[in-house]
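Good morning, colleagues. Please look at the sequence and the model on the screen while I speak.

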Amino acid sequence: MVVQGNKSVDIKITEAKVYERIEKYFLSALVIDKKNRMAWLNHALSDDLNILREVKLLLNAHHETDDFLETPAPVKKTIDEMMSRCPDLAGRRLGVYEVISQIAVGGMGRIYSAKRIDGEYEKIVAIKVVEYSNLDMGLFQKERQLLADFQHPNIVTLLDGGTLKEGFPYLVMELVDGLAINRYTNSAALSSKEIVTLCCELCMVVDDAHQQGIIHCDLKPDNILVINTGSRKGSLKLLDFGIAQSLLTH
């Protein structure tokens with residue numbers, strides 16, 4: 001998993017912005033005719049499937065309670081419930097790892113840094129807790145195994161996994177310090193030729209995964225990191241590979 005560039009980012013502010021965006025699109029969708037609502041939403045959030053998924057969940061919950069006899073639950077309450085799905089894991093032990101702190105949040109869940117504490121060897125990892133109510137657990141477990149069996153130098157390595165006592169599955173992955181590909185190409189001032197070369201490398205990585213039956217479903221700059229290796233081109237690392245299909249099943 002990833003810590004992108006600036007580690008001093010205020011997680012609470014980032015999290016608030018995520019849910020602010022969910023609420024914004026939820027409220028906007030409500031004023032659009034139902035017949036055209038999904039088409040508008042799919043187009044408006046085509047660049048962020050995580051937010052799209054959460055807005056659709058809110059709309060479904062809204063429609064289930066929306067009749068002339070009762071008033072739907074307030075939007076703020078629904079948003080607050082989403083934010084409190086899983087308790088803060090800082091300090092909790094998960095297997096041989098102890099969670100340090102939350103480092104990122106997204107529509108699918110939260111990401112924590114953690115350290116190995118069994119004394120065998122020292123290692124800092126990333127733990128992603130998947131907070132998604134409509135998760136197809138059977139498919140998720142199959143894809144997790146497929147990803148565990150697939151080793152690629154340009155895809156973040158899955159190290160371990162499990163399920164919290166609260167019922168949320170989690171993934172233990174390598175912790176990567178890199179920049180999203182769009183930020184890297186700008187900060188490194190890459191030439192057009194260098195950018196094309198980097199994109200060709202990306203295509204080869206995705207093709208390698210497809211040959212193994214692993215589909216990403218959420219390929220975007222934030223999931224494509226470039227690690228500064230001393231050369232201008234850097235080294236690609238892809239995140240969140242192999243779990244998107246089960247998340248999109250429903």
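I shall go from the whole chain to the sheet, then to selected residues, and end with the nonpolar core.

First, the basis of the discussion. This is a predicted model, in which local features need pLDDT of at least 70 and side-chain atom pairs count only at pLDDT 80 or more, while totals for chains, interfaces and linings use all residues. Residues are numbered from 1 along each chain as its sequence is written, and side-chain values use heavy atoms, with hydrogens and water left out.

Let me begin with the chain as a whole. The chain has eight helices and ten strands; these are DSSP runs numbered from the N terminus, with at least four residues of H or I for a helix and at least two of E for a strand. Of its 250 residues, 43% count as buried. Buried here means under 20% relative accessible area, exposed means over 50%, and partly exposed lies in between, with a 1.4 Å probe and protein chains only. The accessible surface of the chain comes to about 13100 Å², and 53% of this belongs to carbon and sulfur atoms; the areas come from the Shrake-Rupley method with a 1.4 Å probe, and for residues only the protein chains shown count as cover. A contact means heavy atoms within 4.5 Å. Among contacts in the chain with a separation of 6 or more, 62% are between residues 24 or more positions apart.

I turn to the sheet. Six strands form an open sheet in the order 2-3-4-5-7-6, with antiparallel pairing. Strand 2 (93–94) and strand 6 stand at the edges with a single partner strand each, so one side of each has no neighbour in the sheet. Two strands are taken to pair if DSSP finds at least two bridges between them.

Which strands pair with strand 5? Seven bridges join strand 4 (residues 109–116) to strand 5, and five bridges join strand 5 to strand 7. In the first of these pairings, Tyr-112 stands opposite Ile-127; in the second, the bridge partner of Val-125 is Glu-174. Six of the seven residues of strand 5 (residues 124–130) are buried, so this strand is largely enclosed by the rest of the structure.

At the edge, strand 6 (residues 158–163) and strand 7 (residues 169–174) pair in the antiparallel sense over five bridges. Here Gly-161 stands opposite Leu-171, and Gly-162 stands opposite Tyr-170. The two strands form a hairpin with five residues between them, and Gly-167 in the turn has a positive phi of about 100°.

Let us now consider individual residues. Tyr-112 lies in strand 4 and is buried, at 0% relative accessibility. The side chain of Tyr-112 reaches the backbone nitrogen of Leu-89 at 3.4 Å. Beyond four places in sequence, the contacts of Tyr-112 include Pro-87, Val-99, Ile-103 and Val-129.

Asn-154 lies in the loop between helix 5 (137–149) and strand 6. Is Asn-154 buried or exposed? Asn-154 is buried, with a relative accessible area of 12%. What does its side chain reach at 3.0 Å? The side chain of Asn-154 reaches the backbone oxygen of Leu-236. Asn-154 is also in contact with Glu-201 and Val-205, among others outside its neighbours within four places in sequence.

By contrast, Ala-189 is exposed, with a relative accessible area of 54%. Ala-189 lies in the loop between helix 6 (181–187) and helix 7 (192–211), and has a positive phi of about 50° although it is not a glycine.

The structure holds one aromatic pair. The ring centres of Tyr-25 and Trp-40 are 6.1 Å apart and their planes stand at 40°, so the pair is tilted. The rings considered are those of Phe, Tyr and Trp (its six-membered ring), with centres within 6.5 Å; planes under 30 degrees apart count as stacked, over 60 as edge-to-face and the rest as tilted. Tyr-25 is buried at 13% relative accessible area, whereas Trp-40 is partly exposed at 30%.

Finally, the core. The largest nonpolar core has 27 residues, and Ile-155, Leu-236 and Leu-238 have the most contacts inside it. Helix 7 gives the most to this core, with five residues. Such a core is a set of buried Ala, Val, Leu, Ile, Met, Phe, Trp, Tyr and Cys residues joined through side-chain atoms within 4.5 Å.

Technical notes
Polar contact = N/O pair within 3.5 Å; in protein donor to acceptor, adjacent residues only side chain to side chain.
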